[in-house]
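Q: Please take a close look at a single part of this predicted model. Which strands does the helix of interest lie across, and how are those strands arranged?

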Amino acid sequence: MILSNEIIDSYICCKYKAFLIINGNRGNKPDYDLVENRLCKIYRDNFFEHIKKSYHEGQILTSIQITKTQSDSTIIINPEAKGNDFSVNFDAIEISSTRTGRKRKTYIPIIISPKEAVTKNEKVLLTVKTLLLNRVSSHLTEIGRIIYGKDSKTCCIKIKDYKRTSQRMLDELEILMRDNDKPLVYKNGNCQICEFEKNCRKHLIEKDDLSLLGSFSLKEIIKRNKKGVFTINQLSYNFRPKKFRKTRERGRPFSYELKALAIRDKKTYVLNSPIESKPSKDDIYIDFEGLPDEKFVYLIGIVIKSNGSEKEVVYYSFWADSKKHEKIIFQNLLKTISRYDDYAIYHYGSYEAKELKRVSRDYPELENLITSKILQNSVNLLSHFYSNIYTPTFTNGLKDIGSFLGFKWSADNSSGIQSIAWRKNWELSNEDEYKEILLKYNSEDCNALIIVKEWIDKLRAGKTSAINNAVGCVDEIKHQSSYKFGKTEFLIPDFEAINNCGYFNYQREKVFIKTNLKIKKIIRKQNLLNKPKKAIRPNVYINLPTPKQCLNCGNKKLYRHRNCYAIRETSTGNNGNN
């Protein structure tokens with residue numbers, strides 16, 4: 001197999017994904033990947049239409065292979081750079097004259113992105129493909145362009161800014177294709193939009209891999225592997241209560257070791273009682289659905305639960321068809337909240353707070369109301385799981401915590417990424433089916449928030465009997481130290497056998513030698529045999545006269561060397577060392 005666009009793109013996202021594709025493996029592409037491909041095709045067609053309007057027919061070439069000598073065209077559509085071991089395609093290549101002179105031409109490679117914001121991975125992808133282009137082209141390539149978004153915005157990059165990273169990545173990829181060595185498998189941010197996600201996750205769970213622990217980075221995984229820690233179970237035995245208290249004092253409140261211990265024991269550990277929230281008459285639960293690339297919140301869900309005698313629960317949802325309707329849904333949100341006087345607002349994660357601050361900047365007339373009505377009364381439930389509560393789940397995401405507490409979403413693939421795919425499909429097709437799915441998904445997130453908040457309240461009140469899962473206190477965890485009296489319990493039987501042998505040697509050489517004369521003689525004899533011999537110093541020094549000629553050949557031209565001979569008397573005679 002030769003190097004292609006798909007392999008390069010896969011390698012930048014995940015080395016193991018590229019390895020699977022190189023070996024002919026295929027999976028079911030997720031909805032997010034399919035909708036991105038669909039958007040990319042639409043944006044590409046729009047770009048080509050723009051090119052045909054901007055250039056004459058004689059200035060445009062289509063679907064040709066780049067060579068060392070190229071015609072004097074202005075732009076090439078769908079060009080191919082092909083070598084002995086690679087074949088990569090660009091969406092377009094613009095040919096222009098350099099500043100030094102018109103005779104010297106330069107290539108400007110162009111790729112099209114379906115995203116609304118350019119990422120670093122896309123810049124590296126363009127640079128890697130440009131490095132391969134330079135192998136078959138004699139023209140200079142100093143800059144590249146990325147056309148992105150529905151408005152066909154342009155991002156220019158300097159190839160030299162990403163050349164070092166891209167060249168290293170290209171060398172590693174060529175080694176992978178040549179040797180076909182399986183790379184390290186670990187969970188990363190690309191897994192949720194990967195076609196091999198289910199198989200990889202199953203493999204990582206069987207392996208009990210450290211990368212399953214949420215934001216456990218590759219750098220941290222390698223660091224733990226060097227210490228002999230490869231699984232979550234092994235990591236759990238590294239938890240030290242005293243050391244944990246010291247690290248908390250230094251500003252590191254979260255402990256992966258304690259999280260691993262909770263998973264191993266299948267128990268929720270509570271460090272301190274969760275901070276009691278301000279008592280209120282009504283609890284308001286909010287959840288936003290948005291498109292981060294576009295900085296656009298299109299759906300706001302609210303569940304208002306009364307703490308009075310009626311226990312009334314009311315659900316509201318505000319939908320925006322486009323960016324220009326965003327201000328309206330936030331005005332409706334503020335209008336709804338203003339009906340209540342004594343309330344607390346609950347959300348999960350930092351996304352809602354960040355978007356509220358952004359909306360305050362974009363619409364200054366709403367800033368005072370958002371700050372006074374929402375931000376000052378908001379509580380982030382995720383903060384409890386980051387500092388005080390450790391559940392037996394791989395991550396602290398709402399889906400993991402909600403599933404752990406027994407809540408189920410109607411769609412099996414419910415996630416933030418999937419909601420983006422549903423929204424993009426709605427924008428492309430305008431079908432009510434996707435809108436209904438999003439409204440239901442948003443309401444279920446709000447209901448999951450209610451369950452999480454009520455569970456935290458039970459922990460705060462100490463009602464562990466009302467909780468279906470096991471709960472323990474961190475202060476009650478015994479310190480697992482090897483420096484203690486009593487019988488030691490070993491995880492591996494071989495370690496116990498080694499310890500017993502060491503105990504037998506200690507008894508023989510240190511204890512019994514004082515009471516048993518026979519053993520005392522044996523140990524003394526062994527010590528004498530193992531005792532290093534002392535070096536014998538020379539006792540006689542003899543000065544030898546310098547010969548006048550060589551004894552072998554008779555040559556009188558001699559070279560003077562300083563040699564010292566040490567002669568000592570032994571039982572067998574005199575012994576000399578140079």
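A: Helix H17, made up of residues 432-461, lies across strands S10, S11, S12 and S13. The helix runs at about 45° to S11. As the model is predicted, this description concerns computed geometry.

A further helix belongs to this picture: helix H16, residues 416-429, lies across S10 (282-291), S11 (296-306) and S12. Helix H16 runs at about 60° to S10.

The strands beneath discussion belong to an open sheet of five strands, whose order is S12-S11-S10-S13-S14. The pairing within this sheet is mixed. At its edges stand S12 (313-319) and S14 (378-380), each of which pairs on one side only. On average, neighbouring strands of the sheet are turned by 25° against each other, with direction ignored.

One pairing may be followed in detail. Strand S13, residues 343-347, pairs with S14 in the parallel sense, over three bridges. In S14, Val 379 stands opposite Tyr 346.

The nonpolar cores complete the account. The largest nonpolar core has 66 residues, and among the members that touch the most others are Leu 3, Ile 8 and Phe 90. Helix H4 (residues 120-136) supplies the largest share of this core, namely eight residues. A second, separate core of 58 residues includes Tyr 346, Ile 420, Leu 438 and Tyr 441.

Conventions. Residues numbered from 1 in each chain as written. Predicted model: local features only at pLDDT ≥ 70, side-chain atom pairs only at ≥ 80, totals over all residues. Heavy atoms only, no water. Pairing = 2+ DSSP bridges. Helix = DSSP H or I, 4+ residues; strand = E, 2+ residues; numbered from the N terminus. Axes fitted to C-alpha atoms, helices over the stretch in contact; angles between N-to-C directions. Contact = heavy atoms within 4.5 Å. Core = buried A, V, L, I, M, F, W, Y, C linked by side-chain atoms within 4.5 Å. Buried < 20%, exposed > 50% of the residue type's maximum accessible area, 1.4 Å probe, protein only.
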